[in-house]
2 protein chains.
Amino acid sequence: MENRMRPFRALISLEEAKRITMENLPEITETESIAILDAGGRRLAEDVKAQADVPPYSRSAVDGYAVRAKDTYGAGRYSPVKLKVIESVHAGEVPEKTVKKGEAIQIATGAMIPDGADAVVMVENTEIRGESVLVFKPSYPGSDVSGKGEDIKTGEVVLKAGERLSPAKVGVISSLGITEIKVFGRPRIAVIPTGDEVTAPGEELEKGKIYDINTYTLSSIARELGADVRTYPITPDRKEDIRTAIESALPADIILLSGGSSVGERDVIVDVLAEMGEVLFHGIQLKPGKPTVCGRITGEHGGKRKVTLVFGMPGYPTSCLTNAYVLVAPLIRKLTGDCNPLRVEKKRMSQRIVSTLGRHQIFTVRVEEDAAHPAFKESGAITSMANADGYIQIPANVDLVEKGEMVDVTFF
Amino acid sequence: MENRMRPFRALISLEEAKRITMENLPEITETESIAILDAGGRRLAEDVKAQADVPPYSRSAVDGYAVRAKDTYGAGRYSPVKLKVIESVHAGEVPEKTVKKGEAIQIATGAMIPDGADAVVMVENTEIRGESVLVFKPSYPGSDVSGKGEDIKTGEVVLKAGERLSPAKVGVISSLGITEIKVFGRPRIAVIPTGDEVTAPGEELEKGKIYDINTYTLSSIARELGADVRTYPITPDRKEDIRTAIESALPADIILLSGGSSVGERDVIVDVLAEMGEVLFHGIQLKPGKPTVCGRITGEHGGKRKVTLVFGMPGYPTSCLTNAYVLVAPLIRKLTGDCNPLRVEKKRMSQRIVSTLGRHQIFTVRVEEDAAHPAFKESGAITSMANADGYIQIPANVDLVEKGEMVDVTFF
């Protein structure tokens, strides 16, 4: 009888696994042009330069009266200056007249400063008196005026290639009149379900089989992070099938093999990775998630060298889920330029938890106000996922969390 | 001359504005059926019940040997029990034989427990010896066996209507073999650019006009939060035009009028809201963002009563942006069931900031390691958005943040 159950080789620490995967992460070089309304969350692939001054003309910063500052110098609460109002300019209009000595033009916020005027008096410091306006406060040249090009000058680099486009930065691009922008492609994540016992939801469940879960959790996590996710058909645990599936998923940036719960399945993946490229590690001092395998394949795509990271994820749903958050999510965030980490909050552990020394351990928890309750049952349990709001991590050198102790909960 | 510049009426506090908008927020009642691969981030509109037991059969939790527990009771490191291996079962296979006294079946993680066996011995506690296996550790009935239905029983409600589908919960649904699920519709956000001075990017900029920014920041924020966003053409600041635009955007859940930087424009919006529905507030003790207007319109849609919240946002881009984060984003999150707040981190203020007593003030900041630098120039400045990573808030009763003081930075 063949014994397919080879034990693990040297396990590496979680920190080591994170370092290795980050170092081997491919860079995205593909670019595409997209409409700025679709550009939120994408990474700029080119510098954005101003084609014109912003603002394109000197404009009023307030509602009020455009004046010659020196006409107002003596003004005060009990000694207002009286100016003749010769025109009224709304935003978007071009003033027709020039402000001369003793004159003012009523002006709206954002409207163009008329010729002759060099300041604006806020409406709060004035009072209408027939065809004139009383000014109760002196202004100085330039007061409440946004000068032409004061904000951005023509030719200035406003945003740099590589920046991630927040809504604010999308707005900055639109302020320059630009409608399309070149961005880097989304990270391409391929999810390949493996395992002879796995059946796609919607199909009939034969005896001895279970429904595929990991494809759906992995795809949902990657999509939430802005990746371009492709899911592949369920692949049997045979070397040639796994190899063909990986080849069909190239040139993805990251391939996630979602099955592989038994030692035999892991060994198949390790063998295929060794043949196609290089095994980076095989087994992590992590619970759950010990069986995670990682390798890299270097190929060619469009005439360029292209590295693909391949993960053999643990087969158990909870293990696969927490491993995806701990190991894979930071890689996708790196590729999208997203420095926004997951939400982490301090909660009080409602129950004593015993961990394993020498093994970084992850427990799913359910959060209720200030308390974190263990949601973890066993690696195979689906309900530990249904009830979990997030997870806590217990480092390898800690074996116990007392009831009432504060823990950091990372939210899903 | 008409004086369009009416002053503000009573300003309300930011807390009051938040309370009023939250209380008037419509509930989403529309539902749709979607594929579970697309369901991440959506809110369940129905309870999810298990149609079958999970696991659907008793299965092995480890790689090892399925045995009759009582056969192993005497086993020890120096007194192994020898059992005859009669079969090998991989995951997805159905065992053919029954385990009888003195027998074992080699079994992979997740594989079906054969008839006759009531426990699994981990491979680590065994040694192959020809056609037999030596067992070095006793097991008890049920050890390393996940019983049929142990996780979820047929008919059990696994997820409840109203829950937001995290990747973990999407996985739970797939474990039940379900491929489509009923969810509530996405929040419908309409963005209507207003203002006679505003020009759509891509068009030629006439004298006295500026490019539209707020439509792009508002749409990007709402889309990032999972809303179904529609943008409308630029609408002039006239009552009849604004009214027609609002009517065309119904039955959105929230309508954002993105212009309105001057008192006159705000008054037009207030008048239209008073005619079509009810003005909830007009002016907030907030800087920037004082001119924000909010109202509600109650109409009918598909035979049902339908409330729409309408915001007249401040016209200045930075004011509009920070107001959207502070006032509108929490409403969209409420509608999507997203309790994940924005990332907030403590940073050290690199410079003294003077605020205004009696006014809740928001400053954009640029973050560099542990330091927060002011990115704020003036409300109209685009560069204060280009360089900003987030914002800090200074409450109405604080007028000064000293250099070196710790502040909470909310990241964009």
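Guide: Welcome! Let us start with a term: pLDDT is the predictor's confidence in each residue, on a scale from 0 to 100. You will want it here, as this is a predicted model in which local features need pLDDT of at least 70 and side-chain atom pairs count only at pLDDT 80 or more, while totals for chains, interfaces and linings use all residues. Residues are numbered from 1 along each chain as its sequence is written, chains are lettered from A and ligands numbered from 1 in the order in which they are written, and side-chain values use heavy atoms, with hydrogens and water left out.

Visitor: Which elements of chain A have the lowest and the highest mean pLDDT?

Guide: Elements here are DSSP runs, numbered from the N terminus: helices (H or I, at least four residues) and strands (E, at least two). In chain A, helix α7 (residues 383-386) has the lowest mean, 73, and strand β13 (residues 188-192) the highest, 98. Chain A as a whole averages 89, and 95% of its residues score at least 70.

Visitor: Where in chain A is the pLDDT below 50?

Guide: Where pLDDT is low, the predicted coordinates should not be read in detail. In chain A, that score is below 50 over residues 1-7. The stretch still has 20 contacts in the model beyond near neighbours in sequence, a contact being heavy atoms within 4.5 Å. For the model, the scores are ipTM 0.86 and pTM 0.87.

Visitor: What turn and shift lay chain B on chain A?

Guide: Copies are superposed by least squares on the C-alpha atoms of residues with pLDDT of at least 70 in both. Here a turn of 180° and a shift of 0.0 Å along the axis bring chain B onto chain A with an RMSD of 0.1 Å. That is the relation of a two-fold axis. The C-alpha of chain B nearest this axis belongs to R343(B), 3.4 Å from it.

Visitor: How many residues does each chain bring to the contact?

Guide: Chain B gives 90 residues and chain A gives 88. Because 98% of the interface residues of chain B are also interface residues in chain A, the copies meet through the same surface. The buried area (accessible area, with a 1.4 Å probe, that two parts lose on being put together, summed over both) is about 7400 Å², and carbon and sulfur atoms give 60% of that.

Visitor: How many salt bridges are there between chain B and chain A?

Guide: Side chains of opposite charge can pair when their charged atoms come close. The rule asks for a side-chain nitrogen of Lys or Arg within 4 Å of a carboxyl oxygen of Asp or Glu. Between chain B and chain A the count is 2, against 42 over all chains. R223(B) pairs with D38(A), the closest N and O atoms being 2.9 Å apart. D38(B) pairs with R223(A), also with 2.9 Å between the closest N and O atoms. D38(B) sits in the loop between β1 (31-35) and β2 (48-49) of chain B and R223(A) in helix α3 (residues 214-224) of chain A, so this pair joins two chains.

Visitor: Which peptide bond next to P55(A) is cis?

Guide: The bond from V54(A) to P55(A) is cis, with omega near -10°. P55(A) belongs to the loop between β2 (48-49) and β3 (59-60) of chain A. Another cis peptide bond joins L250(A) and P251(A), with omega about 0°. P251(A) lies in the loop between α4 (239-249) and β17 (254-257) of chain A.
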